[in-house]
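Student: I am new to this structure. Please take a close look at one part of it, the pairing of charged side chains.

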Amino acid sequence: MTSEQASFARQLERLEEIVRRLEAEDLDLDQALKLFEEGVERLRQARERLTVAEAAVKQVVSENAGKHRVEDFEG
């Protein structure tokens, strides 16, 4: 796993932790607001990374479109 993949995985883990904490009944309003703001920012960053990854995949697919062929191998 690359450091970028690990970082993305950590982002998702932190988002899950934030959701769990926001669902807790013992959280005061100030803490909840700070966690919510952090969650929104982390979600925005994750979406940006996914958008970049999607664009890279689309570019690779379009660059390789029509370059693949199926061959029958006997034996």
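Tutor: A residue counts as buried when its relative accessible area is under 20%, as exposed when that value is over 50%, and as partly exposed in between (1.4 Å probe, protein chains only). At 34% relative accessibility, E41 is therefore partly exposed.

The model is predicted: local features need pLDDT of at least 70, side-chain atom pairs count only at pLDDT 80 or more, and totals for chains, interfaces and linings use all residues. Numbering runs from 1 along each chain as its sequence is written, and side-chain values use heavy atoms, with hydrogens and water left out.

The frame comes next. The chain has two helices and zero strands; helices (H or I, at least four residues) and strands (E, at least two) are DSSP runs, numbered from the N terminus. Of the chain's 75 residues, 13% count as buried.

Now the pairs themselves. A salt bridge is a side-chain nitrogen of Lys or Arg within 4 Å of a carboxyl oxygen of Asp or Glu. By that rule the structure holds six salt bridges. In general, side chains of opposite charge can pair when their charged atoms come close.

One of the bridges joins E41 and R44, at 2.4 Å from N to O. Both belong to helix α2 (residues 29-63); being three residues apart there, they are separated by about one helical turn. An α-helix has 3.6 residues a turn, so residues three or four places apart point the same way. R44 is partly exposed at 38% relative accessibility.

Helix α2 also carries the bridge between K58 and E54, at 3.5 Å from N to O. These two are four residues apart, which again means a separation of about one helical turn. K58 is exposed, with a relative accessible area of 53%, whereas E54 is partly exposed at 45%.

Helix α1 (residues 3-23) holds R14 and E17, three residues apart and so about one helical turn from each other. Their closest N and O atoms are 2.9 Å apart in a salt bridge. E17 is partly exposed, with a relative accessible area of 33%, while R14 is buried at 17%.

R14 has further partners. A network of salt bridges links R14, E17, E38 and R42. The side chains of R14 and E38 are also joined by a polar contact of 2.8 Å; a polar contact is a pair of N or O atoms within 3.5 Å, where within protein one must be able to donate a hydrogen and the other to accept it, and residues adjacent in sequence count only if both atoms are side-chain atoms. Leaving aside residues up to four places away in sequence, R14 touches R21, L35, E38 and R42, where contact means heavy atoms within 4.5 Å.

One of those neighbours, L35, is buried in α2, as are A32, G39 and A46. At the N-terminal end of α2, D28 acts as a cap, with a side-chain oxygen 3.0 Å from the backbone nitrogen of D30.
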